[in-house]
Structure formats: structure tokens, C-alpha cells
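Good morning, and thank you for coming. I should like to take you through one structure, beginning with the place where its chains meet and ending with its salt bridges.

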2 protein chains.
Amino acid sequence: MTDAATLHDKLHARLAQFARFGGTPEGGVHRPEATEANRDARRAFVEWLKAAGLEVRIDGIGNIFGLAALAGPDAPWVMTGSHLDSQPYGGRLDGTYGVLASTLAVETLVARHGAQRPAAVNFAVVSWTNEEGARYQPSVLGSQAYAGVFDYGWALDRVDGDGVRLRDALDAIGFLGTDMPAPRPAAFLELHIECGPLLERAGHRLGVFDRWWGCRKIELRFLGIPAHTGPTPMAERRDALVAAAELIGAVNALQHAFPDGALHCSVGRCAVKPNSPNVVPSEATLFVELRSPDPGVIADAHDRMQDAARAAADRQQVALEIRRDELRPAGRFSTDLQALAYAVAEGLGQSPMRLDTIAAHDAVPLARLCPSLVVATPSIGGICHAPDEDTAPEDLNLGFDLLYGMLERVLSHGLDGARNL
Amino acid sequence: MTDAATLHDKLHARLAQFARFGGTPEGGVHRPEATEANRDARRAFVEWLKAAGLEVRIDGIGNIFGLAALAGPDAPWVMTGSHLDSQPYGGRLDGTYGVLASTLAVETLVARHGAQRPAAVNFAVVSWTNEEGARYQPSVLGSQAYAGVFDYGWALDRVDGDGVRLRDALDAIGFLGTDMPAPRPAAFLELHIECGPLLERAGHRLGVFDRWWGCRKIELRFLGIPAHTGPTPMAERRDALVAAAELIGAVNALQHAFPDGALHCSVGRCAVKPNSPNVVPSEATLFVELRSPDPGVIADAHDRMQDAARAAADRQQVALEIRRDELRPAGRFSTDLQALAYAVAEGLGQSPMRLDTIAAHDAVPLARLCPSLVVATPSIGGICHAPDEDTAPEDLNLGFDLLYGMLERVLSHGLDGARNL
């Protein structure tokens with residue numbers, strides 16, 4: 001058996017192991033942030049980092065780092081990883097694949113390092129807290145805090161749908177750390193499944209993300225008046241859910257206002273109170289997303305969405321409250337790291353497809369700190385955030401080989417050297 | 001202080017005590033069936049029954065009875081009571097008022113009985129399980145089981161939104177009883193707040209319910225496909241929430257298809273899965289209610305609702321599943337008991353208003369067993385199922401006096417005798 005085959009076997013064994021943490025009968029995982037299943041995955045990850053001889057750090061928001069100072073304290077740090085939290089009843093690969101592949105690549109390079117020429121960089125493996133934004137909003141929370149988008153205290157005070165603060169949830173699973181975060185990296189690399197159908201349809205086995213779409217995420221609430229659904233005269237009801245339903249329809253219809261799929265729009269979460277069959281709903285909270293590569297489209301869609309929300313509130317005579325309105329501008333990943341990815345892929349006999357990422361990734365906030373990049377493997381049927389999310393085993397191997405190859409080059413040649421090979 | 005004043009003081013003291021079981025900062029109560037707050041209220045109720053010397057029985061579905069066999073085992077039983085469960089974040093009077101007033105009236109009549117002529121009837125005070133239908137569906141569950149609409153085993157197997165069976169929830173609070181239920185009654189009387197604005201608007205202080213509206217309760221589910229709200233192409237989404245939103249709007253619009261308020265229609269509960277901000281909703285479950293005094297209106301509205309649901313499902317290419325579809329036909333309360341109520345009210349200087357009840361009440365299933373009646377006090381502003389649900393103290397006293405007077409007459413003269421006084 002070749003070295004590569006051994007590594008690939010290890011990768012699949014570890015993926016299978018991790019699929020059991022919060023594993024669901026449908027073959028996916030239910031591992032939202034700071035749940036017991038998430039704790040179990042975190043513990044297993046920490047054990048591997050320790051077994052590989054890496055220095056483990058758990059920072060104040062539960063980001064887990066494994067450090068290998070191969071090149072000494074003053075050398076640049078190259079960071080690689082993703083996240084271990086999942087969507088509710090989501091898939092086994094989203095995030096986990098990147099963390100496990102990064103760990104395996106770095107531990108292998110560390111083990112082999114003695115036989116190589118002197119190291120040009122240090123490595124840090126990372127699993128970021130609450131990437132999914134399923135249990136806590138905003139998403140990519142741990143990486144945003146690390147990148148200084150907001151401070152740790154604010155991030156820890158976020159509450160989930162049941163009012164549990166992230167601080168307390170992390171404390172309860174033993175992952176509210178006190179360590180210094182990893183040193184600021186000189187580059188960040190993330191391996192991820194595509195989460196879309198384009199690679200598969202174009203017949204490519206690897207993707208390199210060029211741009212990320214902008215995204216406006218709005219949480220808004222309609223406030224009506226609770227009342228008995230029986231005797232309360234229809235004209236006197238102030239039904240928050242009827243207003244919310246009108247807005248859900250309006251948000252969905254926005255897709256037709258912009259040609260050629262320029263806008264992706266959704267209401268993923270709808271929380272109703274008191275949510276009893278025989279009480280007129282007094283509160284309906286919606287989580288709206290508007291995504292586009294074009295800032296003008298997002299601004300226009302945002303205006304229309306607000307108009308529709310106000311019109312719905314007026315029609316039902318309910319109040320409207322904008323609770324959060326966050327714009328994540330579109331941007332571009334490091335062209336230097338893209339060039340490195342294409343070069344390594346070519347050595348693997350591949351010609352990756354240039355892609356936009358419409359999903360958020362931890363690599364996006366990291367791009368504020370350093371050159372950053374996401375490389376991707378195909379998602380079968382484009383399926384993501386669902387139990388049957390999958391990637392062909394040989395494509396998972398190929399993604400690993402790409403990441404490994406990129407890290408190997410920078411280990412030997414440094415970031416500048418690797419790019420100019 | 002007069003006897004009546006002492007009883008009124010006791011009534012208000014007990015209402016104040018019960019408002020603390022699950023009391024909310026807004027002045028309401030949060031006491032859904034088989035919660036800890038509900039357990040506390042049940043315990044206090046049982047203590048009072050015991051202190052009054054009544055025989056306490058807790059049956060297999062947690063209905064609590066307090067029996068006073070004043071007239072001997074072969075005499076008819078007159079039953080009176082309501083329920084101690086509340087809506088989520090509901091009001092302090094709905095149900096509780098009837099239970100506490102019934103208890104006080106019966107315990108007073110039992111205590112005074114020695115000085116009176118021989119008793120013509122026995123009394124049973126009752127608190128029925130899960131009247132509200134908030135945590136478990138269907139509503140008026142305990143009284144329906146007692147009335148033989150379905151059997152106890154089926155009722156105990158109902159599950160709440162978290163999958164907890166009623167059997168286990170009652171067991172956990174120590175109220176899955178093993179006693180025989182109370183003997184079949186010869187009459188059932190329920191004192192309740194109106195839960196609507198009509199008494200207040202007409203300037204009446206008492207109401208006597210004549211008819212109850214029919215109600216069709218439908219639980220249906222749209223089934224789509226979970227997917228990432230980012231990269232998934234808009235045209236490929238199968239969004240269950242968009243279909244649900246369309247139906248919520250259609251159900252609300254049904255009110256305009258029938259003139260003069262002949263239809264009350266609502267969607268009180270909407271449960272979404274996975275309900276994550278960045279996952280296309282794969283499940284949306286709606287609880288629809290259609291209420292009318294006219295069976296033809298309910299049937300027509302039901303047809304239109306089903307058409308709208310199918311159209312919404314087709315448009316979003318999601319599946320539609322009807323999970324429950326229950327018709328409770330309209331009906332009429334006992335005219336004999338109505339006559340008794342008017343007669344007693346006249347003695348109190350009142351002229352009660354004849355009302356329909358659009359809300360469900362335990363007295364409705366009881367009407368299958370025996371003459372049954374609900375009498376009502378005004379709801380300030382018509383507010384019900386809300387924390388600020390209230391009735392003026394003097395009207396609460398008057399409602400108590402009406403119930404007391406009715407029970408006092410039947411105690412002395414029997415059901416037939418009381419009617420013919």
C-alpha cells in the first residue's frame with residue numbers, strides 16, 4: 001500500500017468516526033454548536049492534536065488550535081482548518097471534512113519533517129466555533145471574533161432560540177477556553193465541499209473559489225396581540241403570523257426581480273409565539289437572507305424587502321421591529337493562493353474550476369487578516385445542509401491531496417517561494 | 001362582614017394564590033398541561049378538596065375529581081368545574097376561575113348542608129386535563145376521554161411538540177392517576193370568562209351560552225428538501241415554508257368569502273424544520289382552525305382551504321400531508337339548565353345575555369353524557385389567551401353567586417325541582 005493510500009484510508013476512517021458524533025439514522029449528523037455531540041467531536045479532535053504532538057490551545061470563544069512551530073517562533077504561521085459544528089440534522093462533511101483533512105495533512109507533514117529540508121513556516125490547525133450560524137447568530141462567529149470583526153465578549157453574549165448564551169453553552173461542554181488564540185497567520189487555507197452543483201455539472205473534480213458573494217442577513221419581528229382564535233372577532237385580530245407569511249412570500253418573489261440568478265433570497269427560520277393552535281400569534285420572527293455578488297442588487301432587494309415588511313405590518317396592524325441587519329460585503333480571495341492551488345492541482349493532473357462561493361466560510365473573515373482561500377470538492381447532486389450531503393470518496397482523496405500539496409510546498413519553500421515555483 | 005363578602009374575599013385570595021403558579025411578569029400565567037407549574041396548581045387544588053372533606057379521585061388521564069355524596073350513592077351527581085392548564089403565557093382566569101369558584105361553592109354548600117333540608121343531589125368538583133390543547137392536541141382532551149369520545153389509552157399516547165407523550169408527562173408530575181373517574185353526572189355546570197367582547201359591549205354582566213360553534217381543526221405539513229440557502233440555485237429549492245406562507249395567507253383571506261363574520265379562521269401554530277437561518281426549510285407544519293355556527297360554511301371553507309394547500313404545494317413542488325382533520329360539530333347546551341341560570345340570575349337582579357361560545361369548553365363533550373351548560377362573566381376588552389385577560393372583581397363575584405345559586409337550588413330541590421321553581 002502506498003503512503004497516499006494509507007493517508008486516504010486514515011482520512012476515511014476518521015470521517016466515519018466523526019459521522020458518529022451526533023449521527024442521525026438518515027446518515028447525516030445533528031451537531032449544532034456546544035451540544036453534547038459537538039463536545040464529543042471537539043474532544044476527539046483535541047486528542048488527535050495532542051497525539052500528533054501539536055500544542056493545543058482553546059481560546060475564549062472555544063476556537064481550538066493545534067500549533068506546530070516547525071520553523072521557530074519568528075517564522076510565519078500558515079493556518080488551515082474549518083469547523084466541527086453542523087446544521088440541525090445536517091450533513092457529515094460540511095466543515096468536518098476540512099478539519100479532519102487539515103489535521104491529517106499537518107500531522108503527516110510534522111511527522112515527516114525531520115527527513116526534509118528546514119521548515120519555512122509554522123502550521124496551525126483550527127476548528128472554529130459556530131460557523132454554521134444555526135444555533136447562534138451571526139454565523140462564522142468564532143472566526144469573525146478571531147479576525148477582530150467584533151470582540152469576544154459580544155460574541156459570547158449571543159443567545160440561542162431558547163435564550164442560552166454562547167458563553168454558558170461553551171462552559172457547559174467544557175470548551176470555554178482561557179488560552180491565547182493562535183498567532184496571527186500569514187495565510188489561511190480551507191478545504192470544503194462545494195455545497196452547490198456546479199463542479200459536478202461541469203465535470204470538474206476540484207474547485208478554487210475566486211470571489212465570495214455579498215450577503216445581507218436581516219432578523220425582523222412582527223408584534224401583534226395574543227388572542228383566542230375562537231371568539232375574537234376577525235377584524236380585531238392583530239396576527240403577527242399573517243404579516244410574516246406575507247413577507248415570506250414577498251422575499252421569495254424577489255428572485256424574479258433580478259435576472260439570471262443574481263439574487264439568492266430566503267427565509268430559513270420562522271419562530272412564532274405563543275405558537276399554540278388556538279392563540280392568534282403575537283410574535284413572528286423571521287431570518288431573511290439576501291445574497292448577490294452585486295452590491296447594487298443587495299441594496300435594491302433590501303429596500304424592496306423593507307417596503308414589503310412595512311406594508312405587511314400595516315395591513316395586519318402589527319408592529320415591525322428590525323432586530324439585526326448585517327451586511328457582509330462581497331470580496332475576493334487571495335490571487336496568490338489561488339495561483340498556488342492551480343499549480344498544485346496541475347501536478348495532480350487536475351484543472352480546477354474557478355467558482356464563487358455563495359455560502360459563508362471561515363476563510364472570509366480570515367481574509368481581513370491575511371491571504372485566504374477556500375478550495376472545494378464536488379457535492380453530489382449539489383446537496384448540502386442535508387443528511388444526504390456527500391462527495392465521492394476519490395474526490396475526498398483528491399481534495400486532501402490538493403491541501404496536502406499546498407501545505408507541503410509552503411513548508412519547504414515559504415509562502416513567497418511556493419507561489420513562484 | 002356578610003357571608004357573601006367572606007366568600008368573595010376567599011375567591012379572590014385563591015385566584016391570587018393560583019396566579020402565582022406559573023405566574024409571568026406581565027401578570028398572566030404560563031401553565032401548560034403537565035408542566036411543573038401545572039403540577040403545583042394541581043397539588044394545591046387536591047389539598048383544598050381534601051381539606052373540604054371531599055373524596056379525591058385522580059383518574060387515568062389526570063382528571064381530578066372531588067366528590068361529596070351528600071344525597072347517598074344512588075342520588076344523581078351534579079358536576080361542576082373547568083381546567084387548571086393555561087395557554088403558553090396566557091391569562092390567570094381562563095379555566096382557573098371556574099375550578100376555584102366551583103370548589104368554593106361546593107365546599108361551602110357541603111359545610112352548610114347540615115343545617116339544611118335533606119340533599120337532593122351529590123356534588124362533584126372537577127379539573128379536566130389538557131383543556132387548552134396548547135401542549136397536546138386535541139384540546140378538551142381529558143373531558144373528551146371521560147365522555148367516551150375516544151379511549152384513555154389513545155389520549156395518553158398524544159405527543160407534544162417535543163415528542164413527549166402525555167402519559168409520560170403526567171407520570172413525571174405525579175398525576176397519572178389510577179382511580180375510577182367520578183360517576184356519570186346528571187348535569188354539568190361550568191363557569192368561565194366569556195373570552196370575547198360581547199358582554200362588555202352590550203353592558204351585560206352575565207352570559208348564558210346557548211349554542212357552541214362547530215370547529216374543524218386541521219394539522220397539515222408541507223415537506224420540501226433541506227438545502228443550503230446560499231449556493232442552492234433558486235429554481236432547485238423545494239421550500240416548505242414558502243408553501244406554508246401561501247396557505248397562511250389563503251386561510252386568513254377565507255374570512256372575506258363568508259359574510260357577517262360567519263367564519264373565524266386562523267393558523268395559530270407554525271412549526272418549521274430545521275428552522276436554521278441558512279437552510280431551506282424542509283418541513284413546515286401548520287395548525288389550521290375553521291369555526292362557524294353553520295356546518296355548510298365549515299364544509300365550504302374546508303374545501304377551499306384544501307384546494308389552497310394543494311395549489312401551494314404544487315407551486316413549490318413540495319409534498320403535502322394531512323396529519324389530523326377533526327370536525328367538532330356545532331350544538332346546543334341544555335335549555336333546562338339555561339332556564340335555571342336565567343332564573344337564578346334574575347334573583348341576583350341580573351338579566352344575562354344569550355351567547356354563542358366560539359371557544360371550546362369542557363362542557364361541550366360533557367353534553368354527550370348529560371345536560372350541560374356554560375355561564376360566563378365579561379372579559380375586559382374581550383381579551384383572552386393573553387397575559388392581560390381580566391374580569392372586574394365585582395363581576396367575578398357575580399359569576400360565583402350565579403354558580404352558587406344554581407348549585408344551591410339543585411341541592412335542595414333536585415334537577416327537576418330546581419327547574420320548575
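Let us begin with the interface. On chain A, 56 residues are in contact with 56 residues of chain B. Please bear in mind throughout that this is a predicted model.

The size of an interface is often given as the accessible area lost when the parts come together. Here, the area buried between chain A and chain B is about 4,600 Å², and carbon and sulfur atoms give 56% of that area. On the side of chain A, the residues that lose the most area to chain B are His228(A), Met234(A) and Pro277(A), which together make up 14% of what that side buries.

What polar links are there between the chains? There are 24 residue pairs in polar contact between chain A and chain B, and the count of salt bridges between them is 2. In a salt bridge across the interface, Arg201(A) pairs with Glu236(B), with the closest N and O atoms 2.8 Å apart.

Which elements of chain A supply this surface? Strand E8 (227-228), helix H8 (240-253), strand E9 (264-273) and strand E11 (283-292) of chain A each contribute at least two residues to the side that touches chain B. The largest share, 8 residues, comes from E9(A). By character, the residues on that side of chain A divide into 28 nonpolar, 20 polar and 8 charged.

I turn now to symmetry. A turn of 180 degrees, with a shift of 0.0 Å along the axis, lays chain A on chain B with an RMSD of 0.1 Å. The two copies are therefore related as by a two-fold rotation axis. In chain A, the C-alpha nearest this axis belongs to Ala245(A), at 2.2 Å from it. Both copies use the same surface, for 100% of the contact residues of chain A recur in chain B.

Finally, the salt bridges. Over all chains, the structure holds 53 of them. Within chain B, the side chains of Arg324(B) and Glu219(B) meet in a salt bridge of 3.7 Å, N to O. Arg324(B) lies in strand E12 (residues 319-328) and Glu219(B) in strand E7 (residues 214-223), so this pair ties together parts that are 105 residues apart in sequence. Arg324(B) and Glu219(B) are both buried.

Glu326(B) forms a salt bridge with Arg328(B), at 2.8 Å between the closest N and O atoms. Glu326(B) is buried, with a relative accessible area of 14%, and Arg328(B) also counts as buried, at 14%. In chain A, salt bridges with shared partners join Glu219(A), Glu321(A), Arg323(A), Arg324(A), Glu326(A) and Arg328(A) into one network.

How values were computed
Residues are numbered from 1 along each chain as its sequence is written. Chains are lettered from A and ligands numbered from 1 in the order in which they are written. This is a predicted model: local features need pLDDT of at least 70, side-chain atom pairs count only at pLDDT 80 or more; totals for chains, interfaces and linings use all residues. Side-chain values use heavy atoms; hydrogens and water are left out. Copies are superposed by least squares on the C-alpha atoms of residues with pLDDT of at least 70 in both. Contact means heavy atoms within 4.5 Å. A salt bridge is a side-chain nitrogen of Lys or Arg within 4 Å of a carboxyl oxygen of Asp or Glu. Helices (H or I, at least four residues) and strands (E, at least two) are DSSP runs, numbered from the N terminus. Buried means under 20% relative accessible area, exposed over 50%, partly exposed in between (1.4 Å probe, protein chains only). Buried area is the accessible area (1.4 Å probe) that two parts lose on being put together, summed over both. A polar contact is a pair of N or O atoms within 3.5 Å; within protein, one must be able to donate a hydrogen and the other to accept it, and residues adjacent in sequence count only if both atoms are side-chain atoms. Ala, Val, Leu, Ile, Met, Phe, Trp, Tyr, Cys and Pro count as nonpolar, Asp, Glu, Lys and Arg as charged, and the others, Gly among them, as polar.
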